[in-house]
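The following exercises concern the contacts between chains and the enclosed space of one model. Each task is followed by a worked solution.

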Amino acid sequence: MSITGTARSPRRGRTRAVPAAGVAALALTLAACGGGDSGLGGGGDVAPPEAQDCPCEIRFAWWGSDTRHESTQQIIDAFEAENPDITVVPDFTDWDGYWDKLATSVAAGDTPDVITQEERYISDYATKNVLADMSELEIDTTKVDDAVLAGGQIDGAQYGIPTGINAYAMVADPEIFADAGVELPDDESWTWEDYVSTANAVAKGAGDGVWGTQDYGFNEAGLNVMARQRGEALFTPEGELGVSEETVADFFQVSLDLMAGGGQPDASRTVEYQAAGPEGGLLGTNQGAMGVWWTNQLGALSESSGHELELLRLPGESEGERTGMYYKPAMFYSVSADTEYPQAAAKFVDFLLNSQEAAEIMLTDRGLPANTEVREAILDDLSPTDQKVADFMADIEDEIVDTPPVPPHGSAELADIMERLNTDVLFERVTPEEAAAQFVQEVEAATAG
Amino acid sequence: MTDASTTAQTVPAPAAAAPSSSAGRAAPGPARGTAVRPRGPRLRARVGAVLKHAGLIAFGFVMLYPLLWMVASSFKPNALIFREPGLIPTEIDLTNYTDGWNALLHPFSHYLVNSALVVLGSLLGNLVSCSMAAYAFARLEFRGRRLWFAIMLMSIMLPIHVVIVPQYVLFSQLEWINTFLPLIVPKLLATDAFFIFLMVQFFRGIPRELDEAATLDGANHLRIYLQIMLPLSVPALATTAIFTFIWTWNDFFSQLIFLTRPEMYTVPIALRTFVDATGESSWGSLFAMSIVSLVPVFIAFLFGQKYLVKGIATTGIK
Amino acid sequence: MSVIQALSRTRQEVSPRRKGDGRWALFFLAPWFVGLVLVTAGPMGASLYLSFTDYDLLSPPEWVGLDNFTRMFADPRFLSSLGVTFTYVLVSVPLQLAAALGLALLLDKGLRGLALYRSVYYLPSLLGGSVAIAILWRQIFGADGLVNQVLGLFGVSGHGWVSHPDYALGTLMALNVWTFGAPMVIFLAGLRQIPQMYYEAAAIDGAGRWRQFRSITLPLLTPIVFFNLVLQLIEAFQSFTRAFVVSGGNGGPSDSTLLYTLYLYLKGFGSLDMGYASAMAWFLLLIIGGMTVVNFLASKYWVFYDD
């Protein structure tokens with residue numbers, strides 16, 4: 001007996017009688033006793049329903065804050081004006097709540113028709129057949145760079161289409177560099193050693209309460225860049241850990257060198273600034289000259305710092321065998337594998353991706369648009385900060401070798417592992433080498449299942 | 001309350017007792033007055049009271065600090081909240097309030113109304129159904145009482161995170177997702193065992209002699225429940241009401257999961273949407289609207305706490 | 001007969017027991033019973049079943065027997081979260097209850113402006129799980145926070161409390177004690193439930209205030225003390241929101257604030273391992289249940305009921 005089979009979305013099948021109350025409770029209890037099929041399933045365990053024609057109603061789920069909700073509603077209105085037979089129901093919350101809610105609704109067979117995904121979870125959802133292969137849907141992806149598009153492919157199927165791109169880059173505050181009497185580094189040639197010495201020099205020159213840089217060790221993206229510069233990668237296309245223990249240890253060592261040289265604050269301050277997000281970090285509070293952030297965070301950083309911040313390439317781009325920086329899909333548009341209205345869902349995703357009107361409303365809110373044609377078209381509408389991001393992204397385009405593969409199933413735990421081990425290293429509870437060994441072991445365990 | 005007084009006045013007092021009066025309560029001193037020397041102690045008492053107040057006020061500041069800080073932050077421009085985290089803002093900016101009120105798809109009042117609806121339903125449910133169940137556990141003899149009591153307690157020992165998914169399946173079967181029903185109906189069905197247990201403890205504190213006398217007068221259990229237990233348990237009912245109000249008002253997780261459409265969102269969900277861990281956040285609006293949403297709970301508490309002190313002591317019962 | 005003697009009557013002297021309340025019980029328990037069957041039992045049963053399965057929420061559960069439970073005891077993070085939780089519960093619950101009882105007694109009567117004090121002291125408990133708490137707590141316990149500024153006045157240089165693995169749990173416990181408002185309110189209500197006649201009679205008998213407190217207030221308040229103890233223990237073991245908010249969702253730094261339920265949540269929704277999370281939940285139920293049973297057994301020796 002499968003509840004999932006019958007319990008589609010609540011807005012469908014209004015005909016069922018309400019006394020199902022007792023039946024449902026009973027079904028759950030029976031299922032609990034009987035073993036076998038539990039009644040708790042997932043979107044992926046049933047055959048996709050017959051595609052239905054419109055007029056219809058589709059649900060679009062996304063995460064974000066108030067500004068995104070407002071602009072997305074405007075895009076939905078524009079889409080509905082063009083497609084009067086399709087109603088798009090918004091379903092949004094903050095980041096943490098989003099994933100709890102999504103997992104719950106998928107478990108109950110009530111998957112949203114169009115889902116926003118992120119690299120941390122897309123493998124989980126894709127490999128459990130929750131997401132449709134979008135290459136079979138009528139969505140025009142010709143304007144999206146192939147390398148970027150590949151960021152949403154798993155085993156040749158297109159489970160997500162990137163909404164836009166970000167890059168992990170060094171953000172620098174020229175005013176603090178000037179105060180410290182240190183010159184901005186040449187980001188085309190600087191090495192990881194230069195990074196350490198520059199940060200230490202700024203801290204010395206700027207005096208008490210101002211540091212050279214904010215610790216970068218909490219985010220696995222930095223490790224990925226360093227690994228790629230050495231010809232390795234965080235994950236291989238086969239979904240295995242592709243980084244050597246040595247690289248991980250070197251990665252953690254940079255933080256220790258910075259702490260020893262005064263370039264970054266002591267361990268407990270570092271943890272504090274990390275927890276405070278972009279606004280409360282060193283750059284946001286004018287207490288540091290550098291920090292590694294995603295390019296889409298430049299806006300929040302600039303606003304709270306009140307200074308004009310600059311984007312720099314990460315160190316070591318010319319130091320190793322190849323460059324390590326990459327375009328990261330900011331998020332993905334995905335379509336539920338068991339939506340009743342795949343055409344309508346596809347039409348909506350196509351609109352989000354390719355419509356000039358949508359792009360003009362969205363601007364860079366979901367990353368610098370993946371569709372290069374609309375990206376060009378909105379450049380003039382961007383704020384100065386966003387233009388800076390667009391220029392920077394264009395500058396590094398030729399240097400980028402490839403887009404990393406989608407991280408494997410289970411990689412959602414990676415962020416927590418990284419954060420925990422980096423804290424241990426900073427407080428010198430383990431050596432970088434020990435942390436590296438533990439990292440390899442834990443990540444392999446997490447992604448094995 | 002008058003019902004209670006009349007019923008109770010027929011009850012013989014279990015022990016010799018002076019007529020109760022609130023004056024006697026406030027000053028137990030005169031009862032042992034013979035031993036009191038005239039001036040010294042009164043002065044000492046006054047100094048004592050002043051010291052007590054000073055201590056309470058100092059401590060009150062520690063308790064008040066977070067609210068003062070939040071109010072201060074809500075008047076700071078977004079950019080300064082983190083750069084100048086102190087208590088006194090250097091710039092005062094009211095736009096957080098106007099922006100926050102209108103930032104979401106609906107004006108913030110919409111979410112306040114939704115929250116109020118959920119709270120009212122939960123209040124009604126908890127007050128009626130939990131007190132009924134509590135009466136049974138406190139005063140009735142029936143088979144398996146201990147077992148049922150244990151089962152009741154067990155139901156609050158599982159973290160919500162593992163029952164929410166089966167609950168969602170259940171409510172989606174009933175087509176209750178995206179209505180207030182999953183949030184209110186369980187309360188009507190006394191699923192909040194916390195309050196049952198709370199009221200059991202209070203009911204058991206009410207002298208049995210009262211209901212025995214009422215039984216002799218021919219009252220049945222419904223009358224005892226309505227005319228003795230409830231009126232004598234105003235503090236417990238007030239506690240239940242206050243907590244139901246505050247906890248429902250602040251409850252995030254179940255409201256997040258069961259309400260899917262923006263027009264149904266309640267205050268806690270709306271507040272979260274000001275902050276995005278992955279991008280830009282409207283901290284100023286968050287603080288401003290947090291203050292706004294604190295006002296109803298604080299008023300509820302101010303109003304409700306009056307009833308906390310309306311115990312047996314003040315209802316005229318001997 | 002003096003009141004104090006009356007109060008110390010044993011339970012055997014209490015009135016003859018009623019028989020045959022079954023129908024009335026059915027009437028009064030009807031809503032609860034319907035709720036139990038329809039709303040509570042099903043999901044609880046389902047989670048029990050899931051604890052014996054491998055369930056990722058996205059595909060149907062698969063029966064794995066006791067696998068989740070054996071995995072639990074080989075999981076170092078699980079064991080460490082158990083330790084963190086016990087420390088948290090055993091330290092913060094007694095402190096919180098002591099603060100709540102002390103202030104309730106102080107704020108019960110005989111002072112001007114009591115309503116105001118009560119309300120102000122309850123304020124921190126109103127904030128709930130607001131995100132603002134996280135920022136506030138850093139502002140107080142951060143490296144450059146309020147606590148260190150005050151310490152600095154005395155020439156002591158502190159370090160970051162909230163972000164140090166050795167002290168972060170302490171700040172979390174402080175947060176829990178600080179929100180003593182709920183048990184305080186229950187104590188206040190309990191104090192007002194004590195019939196005034198007892199005090200008056202005791203005063204006539206010449207009992208002083210201390211003796212009144214020992215012989216009337218304390219014994220008659222024991223059911224409420226007991227209630228608060230049982231419920232605060234149950235709640236503390238399930239503490240989630242504050243640890244989640246203050247640690248930024250991951251129980252950091254270095255798992256030092258990884259409370260049991262927070263780890264359970266991270267497993268269930270973060271790692272999509274709901275089978276494991278359900279097993280953790282039922283193990284927690286065993287712990288809390290056992291603790292509660294012990295509490296009830298012990299209550300016979302110190303809790304006084306007037307029935």
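A salt bridge is a side-chain nitrogen of Lys or Arg within 4 Å of a carboxyl oxygen of Asp or Glu. The structure examined here is a predicted model.

**Exercise 1. Characterise the interface of chain B and chain C.**

Step 1. Apply the salt-bridge criterion: the count between chain B and chain C is 0.

Step 2. Turn to polar contacts. The rule finds 12 residue pairs across this interface, both residues of each pair being at pLDDT 80 or more.

Step 3. Locate the main contributor on chain B. Helix α3 (residues 40-74) of chain B supplies 14 residues, the largest share of the side that touches chain C.

Step 4. Classify that side of chain B: 76 residues are nonpolar, 20 are polar and 12 are charged.

Step 5. Establish the extent. The contact joins 108 residues of chain B to 103 residues of chain C, and the two chains bury about 9900 Å² between them. Carbon and sulfur atoms carry 74% of that area.

**Exercise 2. Carry out the analysis for chain C and chain A.**

Step 1. Count the residues: chain C contributes 37 and chain A contributes 43.

Step 2. State the area. About 3200 Å² is buried between chain C and chain A, with 58% of it on carbon and sulfur atoms.

Step 3. Apply the salt-bridge criterion, which gives 4 salt bridges between these chains. In one salt bridge, Asp144(C) pairs with Arg269(A), and their closest N and O atoms are 2.5 Å apart.

Step 4. Add the polar contacts: 12 residue pairs between chain C and chain A, both at pLDDT 80 or more.

Step 5. Identify the helices on chain C. Both α2 (22-50) and α13 (260-270) supply at least two residues of the side that touches chain A; α2(C) gives the most, with 7 residues.

Step 6. Classify that side of chain C: 19 nonpolar, 11 polar and 7 charged residues.

**Exercise 3. Describe the second largest cavity and its lining.**

Step 1. Search the whole structure, which yields 9 cavities of 30 Å³ or more. The second largest holds about 140 Å³ of space.

Step 2. List the lining. It has 15 residues, and those nearest the centre are Gly205(B), Gln193(C), Ile194(C), Leu220(C) and Pro223(C).

Step 3. Assign helices. At least two lining residues come from each of α10 (193-204) of chain B and α11 (209-237) of chain C. The largest share, 3 residues, belongs to α11(C).

Step 4. Classify the lining of this cavity: 10 residues are nonpolar, 4 are polar and 1 is charged.

Definitions and conventions: Residues numbered from 1 in each chain as written. Chains lettered and ligands numbered in written order. Predicted model: local features only at pLDDT ≥ 70, side-chain atom pairs only at ≥ 80, totals over all residues. Heavy atoms only, no water. 1 Å grid on protein atoms, 1.4 Å probe; cavity = no way out; pocket = protein on both sides within 12 Å on 5 of 7 lines; lining within 4 Å. Points joined across faces, edges and corners; volume = space filled by probe spheres on them. Helix = DSSP H or I, 4+ residues; strand = E, 2+ residues; numbered from the N terminus. Nonpolar A, V, L, I, M, F, W, Y, C, P; charged D, E, K, R; others polar. Contact = heavy atoms within 4.5 Å. Buried area = accessible area lost by both parts, 1.4 Å probe. Polar contact = N/O pair within 3.5 Å; in protein donor to acceptor, adjacent residues only side chain to side chain.
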